[in-house]
Amino acid sequence: MAPERKCRDIKFLVGDGIFAAETILTKLGIEGTCRVLLDHHHLLSLEIGSWPKAFGLNLFSLLKEDLTLMVKSPSATAYEEALEGVRSKLHNHPDQKHAQYLETHIHSKRHLFANHIVQSFPGHLNIQGNAPAEANHASIVARVGSLVMEPVLLLESLMERHLSICSERNHCISLRHVQCQALAMQSTDRSTIEALKGLSSWGFKLYEKAIRHSQKLHHRKSLDGSHQFHYIDGSSTLTIEASTDVCSCPVWVATGGTTQCSHLLILQGGFPKEKWAVRWHQRTALGKITPYQ
Ligand SMILES: [Zn+2]
C-alpha cells in the first residue's frame with residue numbers, strides 16, 4: 001500500500017502482546033532502527049486486555065490503578081512507585097505465579113509500553129496504540145464482509161475499496177490545496193503563507209501549535225553559545241545546544257526531528273519548507289496522486 005516507504009524509515013511497530021518478543025524486528029532486519037510498542041488498550045482493557053486475563057478480573061481490579069500508572073508513567077519515579085505498589089500487593093498472594101508474571105512479562109518489557117521510556121525514543125509521535133490499524137481492519141470487514149472469500153474475489157474487493165478510498169482522499173487533498181491558496185492570499189505573515197502553501201493538513205496543525213507556543217517564549221543567546229528560552233510569565237526555562245538545527249524539547253523528539261518545534265521556529269527565523277520532512281508536505285503535484293483515474 002506504500003511502495004515508496006522504506007522499511008528502515010519505520011520508527012515504531014505497534015501491536016498487541018504477540019509482538020512482545022520483538023522477533024519481528026529481527027525478521028524484517030530493522031532491529032537497529034525500529035522499536036515495538038504494545039497497544040495500551042490491549043494491555044489494560046477488561047474485555048480484551050492481556051493483563052486482566054493473566055491476573056484474573058478480581059486480582060486485576062486490585063492492581064489496575066498501579067498497572068495503569070506503569071503504562072501512562074509520566075516519569076521513572078512514578079513508574080517505580082507504581083511497580084512497588086503492585087509488588088507489595090502480590091507479595092503475600094498464595095499463587096506466586098502472579099509475582100513472577102509481573103517481573104517477566106511486565107517489568108522486564110517496560111521499554112515496550114511505559115510512556116516515560118517510549119517518549120524518549122525519537123519519532124514516537126505520541127502514539128499509544130494501533131487504533132488506526134484497527135480502524136483500517138474494521139473498514140475492510142465493513143466493506144468486504146467477514147465471510148471467507150476466494151482469494152481472487154477478495155483481492156478484487158480490496159482493490160475496489162482501495163480505489164474508493166484513494167478517490168475520496170484525492171478529493172480532500174485537492175480541496176485542501178484550494179483552501180490553502182485562498183487562506184494564503186488573506187494572510188500578511190510570510191511564514192504562515194509559506195506554511196499554508198507547503199504543508200499538509202496534519203503538518204500545518206503542528207506548525208500552528210509551534211507558532212502559538214513560540215509566542216509565549218522569550219529567547220536569549222548565552223555567552224557559551226547555547227540558547228535559552230523562558231516563558232514570558234516566568235514559569236520555566238529550557239536551554240538547548242548552540243546548533244540551530246537540533247532541539248531537545250519533547251515536541252522535536254516526538255517527530256524525530258522532522259519538523260520545526262517552537263524553539264527552532266524562533267532560531268531559524270520562521271518557516272522554510274526544507275526544515276520539514278517530505279511526509280508533512282502538501283502534495284501540490286496533484287496529478288501524481290491520482291494514478292488510478
Ligand atoms: Zn524545541
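**Notes on a predicted model: sheets, one crossover unit and a kinked helix**

1. An open sheet of 3 strands is the place to begin. Its order is β3-β4-β5, and the pairing is antiparallel. This is a predicted model.

2. Two strands form the edges of this sheet: β3 (217–221) and β5 (237–240). Each of them pairs on one side only. On average, neighbouring strands here are turned by 20° against each other, direction ignored.

3. Look next at the pairing of β3 with β4. Strand β4 covers residues 227–231 and is joined to β3 by 5 bridges. The two strands run antiparallel. To find the register, start from R220: its bridge partner in β4 is Q228.

4. Now turn to the strands β1 and β2. Strand β1 spans residues 12–15, and it pairs with β2 in the parallel sense. The pairing has 4 bridges. Here V14 is a useful marker, with L37 of β2 as its bridge partner.

5. Which helix joins β1 and β2 in a β-α-β unit? It is helix α1, residues 23–28. The unit is right-handed.

6. Strand β2 itself (residues 35–38) deserves a closer look. R35 and L37 point one way from the strand, while V36 and L38 point the other way. Are these residues buried or exposed? All are buried, R35 included. L37 is thus listed twice in these notes: as a buried residue of β2, and as the bridge partner of V14.

7. Helix α4 (residues 57–71) needs a comment on its shape. A straight helix of 15 residues would span 21 Å, at 1.5 Å a residue. Between its end C-alpha atoms, α4 spans only 18 Å. The helix also has a kink of about 60°, centred on L63.

8. L63 is also one of the buried residues of α4. The others are L67, M70 and V71. In an α-helix there are 3.6 residues a turn, so residues three or four places apart point the same way.

9. What do the buried residues of α4 pack against? Their partners are four helices: α2 (40–44), α3 (50–55), α5 (76–91) and α7 (115–118).

10. Some overall figures give the setting. The protein has 13 helices and 5 strands. Its C-alpha atoms fill a box of roughly 70 × 65 × 35 Å, taken along the principal axes. Of the 293 residues, 21% are buried. Among contacts with a separation of 6 or more, 49% are between residues 24 or more positions apart.

Notes: Residues are numbered from 1 along each chain as its sequence is written. This is a predicted model: local features need pLDDT of at least 70, side-chain atom pairs count only at pLDDT 80 or more; totals for chains, interfaces and linings use all residues. The expected span of a helix is 1.5 Å times one less than its number of residues. The bend at a residue is the angle between axes fitted to the seven residues ending there and the seven starting there. A residue is buried if 20 or more other C-beta atoms lie within 10 Å of its own, exposed if 12 or fewer, and partly exposed in between; C-beta atoms are placed from the backbone. Two residues are in contact if their C-beta atoms, placed from the backbone, lie within 7 Å. Two strands pair if DSSP finds at least two bridges between them. Axes are lines fitted to C-alpha atoms, for helices over the stretch in contact, and angles run from 0 to 180 degrees between N-to-C directions. A crossover is right-handed if, with the strands pointing away from the viewer, the path from the first strand over the helix to the second runs clockwise.
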